[in-house]
Amino acid sequence: MKKAFPILAVLTALFLAYAFYQAMFIAPTDALQGDVYRIIFYHVPSAWTAFLLFFINFIASVQYLASAKPSSARAAKWIVIAVGIIGVVVPFLPQVQQWLNTIGMYPSSAATTALMIPAAYFLVGKYFLGQDLDVLAVTAAEVGVVFCTIVLITGPIWARPVWGIWWAPGDIRLTSTLVLWLIYVSYLVLRHFSDGAQTQKLAAVLAVFGALDIPLVYFSIWFFRTQHPQPVIGGGGSMDPRMLHVLLISWMAFLCFAFLVCWARFQLEKLRREVEEAEALESLLEPGGSAGQTSKGKVLSRGRQ
Amino acid sequence: MRSYWSITLATLAKDIRLEWRSKDALNAMLFFSLLVVVIFVFSFDPLAEESRHIAGGLIWVAFLFATVVALNQTWARELRNQVLDAYRVSPAPATALFLAKALGNFILVSLLEALMAPLFVIFYNLRVLGPAWQLIPVALLGTWALVVNGTFFAAMSVRTRSRELMLPLLLFPVSIPAVLGMVAATTNILTGENSAHFYIVLLLTYDVVFTTACIGLFDTVLQAE
């Protein structure tokens with residue numbers, strides 16, 4: 001961590017600078033909106049990154065809950081496999097295909113999204129075990145909320161000159177993103193206000209509830225109109241290929257940045273838990289003593305290496 | 001070993017008896033929602049036509065706030081004398097306890113709604129233009145949607161540091177689709193302009209999804225240590 005992190009940080013900074021240069025100077029000016037549109041090179045990559053992180057939070061939370069008992073782990077595994085198979089087959093049924101077209105999505109992109117669930121589930125399950133799953137969940141939620149906040153701030157900044165209003169109250173995309181943000185903020189509030197080992201279980205349960213809520217949020221505002229531009233990837237929207245090129249560069253830069261921040265936060269959280277454990281152990285061994293400091297120092301010095 | 005339903009009913013009967021003797025929660029809820037109604041009446045002074053459009057939102061917001069008052073009591077009562085710990089070590093299924101609590105809250109909130117709804121009609125001069133009987137399924141499904149998640153999140157929030165503060169913070173974000181469904185369905189029925197069918201189906205879906213989730217995950221929450 002000590003060696004790789006600064007190198008990666010410098011590389012990410014360079015990449016972000018390159019993406020900024022591309023977004024501001026290389027991408028062509030929009031014929032209708034002028035230069036205002038350039039904010040999408042920050043708005044859209046932030047949104048994708050936030051959704052990806054919330055998805056990781058959900059997967060890690062399910063893994064964490066499932067890993068409590070072998071029987072529930074087995075059940076969760078088969079449910080995830082079933083979801084993957086159904087999710088790949090269903091979008092190609094003629095009726096569903098028609099319905100997907102009305103919301104501006106290709107069946108192939110819906111199937112790919114569905115396939116992400118088992119893929120992410122097994123990848124996360126392979127590389128993260130026990131406590132690490134919970135650390136991953138909290139990291140993803142925190143960084144995800146930051147990116148989602150960027151989305152919610154840059155959106156109105158763009159909307160004001162283009163739509164003439166800061167916020168469209170009855171808009172399906174705006175409302176669902178806002179509710180998503182609210183759900184994950186409440187997740188972080190729960191983590192902040194409860195202590196001890198139960199926090200992790202309670203938070204994982206809340207993450208599952210939040211994930212179940214998202215499709216319902218989307219359907220509850222079904223009759224809301226949208227004036228939000230159509231999705232540019234896997235949907236009905238269209239975009240100049242040069243702009244799309246810059247958008248993808250920008251997203252890559254944002255992903256690197258998100259990864260960097262998540263990595264640092266992940267290590268920090270693990271270290272914090274080690275310190276807590278060491279302190280608890282110390283106070284058990286030497287009641288009344290103030291020896292907690294030394295053990296804390298030991299863990300900290302180990303973490304710095 | 002007693003059957004699942006007899007455990008549920010025994011716990012439910014105990015809660016109702018306690019509530020009947022003290023009437024703490026019901027009185028607090030009634031007075032609280034009366035206050036909310038009165039404040040709404042002062043804040044908005046609508047014409048009959050306008051009131052049809054806003055009454056659905058006002059009614060459900062008032063009930064939502066009043067429900068939180070009742071829900072906070074649900075588990076707080078069991079903390080005294082370590083009753084909750086006794087439940088934890090007892091062989092009775094945890095979901096039976098959850099169902100009993102949820103049903104108890106459902107009865108309490110339904111009673112509140114039955115008493116408060118006429119007041120809304122009087123204060124806002126409401127006359128239903130759509131099919132009025134549909135208000136009954138909307139009320140039942142909507143109340144269950146609030147109560148089932150509310151009971152679950154109340155069980156979570158009693159485990160946190162600032163119990164009473166936590167419940168709305170957890171409950172409201174997840175309840176947004178349900179509240180939207182209730183308000184839209186009620187407004188559609190009151191104005192008679194659109195069919196409320198879609199929102200009734202939405203509420204039913206919400207109830208089924210979250211009742212399943214609550215029953216599936218309640219044991220984890222109760223035993224979380």
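The exercises below work through a predicted two-chain model, each with a stepwise solution. Local features need pLDDT of at least 70 and side-chain atom pairs count only at pLDDT 80 or more, while totals for chains, interfaces and linings use all residues. Residues are numbered from 1 along each chain as its sequence is written, and chains are lettered from A and ligands numbered from 1 in the order in which they are written.

**Exercise 1. Describe the fold of chain B: what are its elements, its pattern and its dimensions?**

Step 1. Count the elements. Chain B has eight helices and zero strands. Helices (H or I, at least four residues) and strands (E, at least two) are DSSP runs, numbered from the N terminus.

Step 2. Read along the sequence. The pattern is α-α-α-α-α-α-α-α.

Step 3. Compare with the globule rule, 2.2 Å times the number of residues to the power 0.38, with the radius of gyration taken over C-alpha atoms. The rule gives 17 Å for 225 residues; the radius of gyration of chain B is 18 Å, close to that, so chain B is as compact as a globular protein of that length.

Step 4. Take the extents. The C-alpha trace of chain B spans about 55 × 35 × 30 Å along its principal axes.

Step 5. Check burial and contacts. A residue is buried if 20 or more other C-beta atoms lie within 10 Å of its own, exposed if 12 or fewer, and partly exposed in between; C-beta atoms are placed from the backbone. Of the 225 residues in chain B, 45% are buried. Two residues are in contact if their C-beta atoms, placed from the backbone, lie within 7 Å. Among contacts in chain B with a separation of 6 or more, 85% join residues 24 or more positions apart.

**Exercise 2. Characterise the side of chain A that touches chain B: which elements and classes contribute?**

Step 1. Count both sides. In chain A, 26 residues are in contact with 24 residues of chain B.

Step 2. Assign elements. Two or more residues come from each of α7 (172–193) and α8 (198–220) of chain A. The largest share, 14 residues, is from α8(A).

Step 3. Sort by class. This side of chain A has 18 nonpolar, five polar and three charged residues. Here Ala, Val, Leu, Ile, Met, Phe, Trp, Tyr, Cys and Pro count as nonpolar, Asp, Glu, Lys and Arg as charged, and the others, Gly among them, as polar.

**Exercise 3. Locate the largest nonpolar core: which residues touch the most other members?**

Step 1. Fix the term. A nonpolar core is a set of buried Ala, Val, Leu, Ile, Met, Phe, Trp, Tyr and Cys residues joined through C-beta atoms within 7 Å.

Step 2. Find the members with the most contacts. The largest core has 131 residues, and A:A60, A:A137, A:L206, B:V138 and B:L203 touch the most other members. Helix α2 (residues 40–66) of chain A gives the most to this core, with 16 residues.

Step 3. Inspect one of them. Beyond four places in sequence, A:A137 is in contact with A:N57, A:A60, A:S61, A:Y64, A:A204 and A:A207.

**Exercise 4. Analyse helix α8 of chain B: where is the kink, and what covers the buried residues?**

Step 1. Get the span. Helix α8 (residues 197–223) of chain B has 27 residues and reaches 40 Å from its first C-alpha to its last. That is close to the 39 Å expected, where the expected span is 1.5 Å times one less than the number of residues.

Step 2. Find the kink. A kink of about 45 degrees is centred on B:L217. The bend at a residue is the angle between axes fitted to the seven residues ending there and the seven starting there.

Step 3. List the buried side. Buried residues of α8(B) include B:L203, B:F210, B:L217 and B:V221.

Step 4. Identify the cover. The cover includes α8 of chain A, together with α5, α6 and α7 (163–191) of chain B.

**Exercise 5. Place two residues with positive phi, B:Q82 and B:N125: are they buried or exposed?**

Step 1. Take B:Q82. Its phi is near 55 degrees, a positive value in a residue other than glycine. B:Q82 lies in the loop between α3 (48–79) and α4 (83–89) of chain B. With 10 other C-beta atoms within 10 Å, B:Q82 is exposed.

Step 2. Take B:N125. Its phi is near 50 degrees. B:N125 lies in the loop between α5 (94–124) and α6 (135–157) of chain B. With 12 other C-beta atoms within 10 Å, B:N125 is exposed.

**Exercise 6. Trace the surroundings of B:D15: which residues does B:D15 touch?**

Step 1. Place B:D15. This residue is in helix α1 (residues 4–22) of chain B. B:D15 counts as buried, with 22 C-beta neighbours inside 10 Å.

Step 2. List contacts. Not counting residues up to four places away in sequence, B:D15 touches B:A100, B:K101 and B:G104.
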